[in-house]
Amino acid sequence: MAPAIIEALHKAVDEMAVKETFRGYAPDLGYDFLRNAIVENDYKARGCDISADEIFVSDGAKSDSGNIQEIFGPDCKIAVCDPVYPVYVDSNVMAGRTGTYNATTETWSDVIYMPTTAENNFVPAFPETTPDLIYICCPNNPTGTTLKKSELQAWVDYANEKGAVIIYDAAYEAYISEDDVPHSIYQCEGAKTCAIEIRSFSKNAGFTGVRLGFTVVPKELKCGEVSLNAMWARRHGTKFNGAPYIVQRAGEAVYSPEGKAQLKEQVAYYMKNASTIKKGLADAGYEVYGGVNAPYIWLKTPEGMTSWEFFDHLLEKANVVGTPGSGFGPSGEGYFRLTAFGQYENTLEALERIKAL
Ligand code: PLP
């Protein structure tokens with residue numbers, strides 16, 4: 001982890017040892033110092049009018065992206081990009097919202113799958129059936145691809161027109177390098193009446209084991225007369241007792257000048273891995289996607305191998321491990337995900353072994 005974050009952790013731990021500065025239960029929705037830092041840096045700095053009482057601090061984006069469906073009715077129809085982070089579908093399966101499973105097609109009868117593949121340039125088309133909830137992950141895990149501002153704006157317009165809610169997972173926002181890719185859905189006009197945004201400190205700042213994230217639910221976002229901000233505040237406060245003080249202080253350090261500079265370097269390090277993998281594989285004749293605005297490389301498996309066949313091939317012949325695309329949804333079949341979250345030297349070694357296959 002970056003030195004500025006470690007320093008903030010140590011300082012906060014020391015505060016806990018002294019009666020005068022000890023902190024017990026944190027405010028359910030997050031400490032003001034962190035919520036204000038988020039507003040200033042993630043939203044105001046990008047021209048988004050989001051206020052601190054629209055930010056809900058949590059222990060990470062997995063919990064939030066899995067739990068958010070609880071504030072919606074049991075008969076809501078969900079739409080997901082395919083392939084995508086599996087938590088969206090699985091949490092709705094557990095909530096009993098997805099109908100019956102077809103083991104042959106590996107799909108649920110009541111889920112609307114929106115294929116995002118090389119054929120549509122990884123931009124999902126509007127579905128034929130109107131959904132109530134639309135999950136969009138951007139930059140997308142696993143494809144590493146993004147939506148341009150105009151493409152995301154079209155989804156915001158669609159959601160507002162249909163009365164649907166977009167659950168926008170921007171966990172990989174820090175890796176965006178292209179100017180026309182928005183960092184927040186609230187950079188699109190009208191998003192505050194149709195979108196919830198989920199963020200993580202895991203990818204931009206290495207909080208995978210420390211645990212911190214947040215969700216934005218604008219006050220203007222309503223289903224009928226029901227405020228989703230009030231609903232989520234009640235849900236969050238009932239089932240969650242606040243992210244730890246020491247962790248929130250570490251989160252605050254992410255936004256300090258030192259923290260920002262150190263994390264910029266960290267992100268650049270991983271993105272150097274990403275471009276090295278992408279270029280190396282492309283030179284070796286692989287069809288590769290992603291890796292420009294995200295730390296994932298998405299490759300088409302060679303010679304018509306299934307995702308799992310390629311997994312075995314890579315493991316047995318090169319001793320390299322990656323993630324089979326089919327695990328992220330039916331349209332992930334025939335693809336494979338490689339991560340840039342590794343040491344540069346190991347990345348080079350793995351690449352050489354793949355090229356030698
Ligand atoms: N959202 C996406 C798209 C992810 O890929 C991940 C982690 O892999 C998460 C959320 C989880 O983030 P967190 O560590 O904050 O729970």
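Select strand 7 (residues 165-169) together with strand 8 in this predicted model: the two strands run parallel and are joined by four bridges. Within this pairing, D169 stands opposite I198 of strand 8.

Next, add strand 9 (residues 213-216), which pairs with strand 8 in the antiparallel sense, again over four bridges. Here E197 has V216 of strand 9 as its bridge partner.

Now isolate strand 8 (residues 195-200) and display its side chains. A195, E197 and R199 point one way, while I196, I198 and S200 point the other way. Six of the six residues are buried, so strand 8 is largely enclosed by the rest of the structure.

S200 leads to the ligand, since S200 is listed with G60, A61, K62 and S202 as the closest of the 13 residues that surround it. Select helix 3 (residues 61-67) as well; with three residues, this helix gives the most to the shell around the ligand. Colouring the shell by class shows four nonpolar, seven polar and two charged residues.

Finally, colour the protein by its domain assignment: domain 1 spans 3-256 and domain 2 spans 258-355. Their C-alpha centres lie 25 Å apart. The contact takes 36 residues from domain 1 and 26 residues from domain 2. On the side of domain 1 that touches domain 2, select helix 1 (3-16), strand 5 (111-115) and helix 6 (202-205), the elements that each give two or more residues. Helix 1 provides the largest share of that side, three residues. By class, the side of domain 1 that touches domain 2 comprises 21 nonpolar, 12 polar and three charged residues.

Definitions and conventions. Residues numbered from 1 in each chain as written. Predicted model: local features only at pLDDT ≥ 70, side-chain atom pairs only at ≥ 80, totals over all residues. Near = placed C-beta within 6 Å. Nonpolar A, V, L, I, M, F, W, Y, C, P; charged D, E, K, R; others polar. Buried ≥ 20, exposed ≤ 12 C-beta atoms within 10 Å, placed from the backbone. Pairing = 2+ DSSP bridges. Domains from an automatic or database assignment. Contact = placed C-beta atoms within 7 Å.
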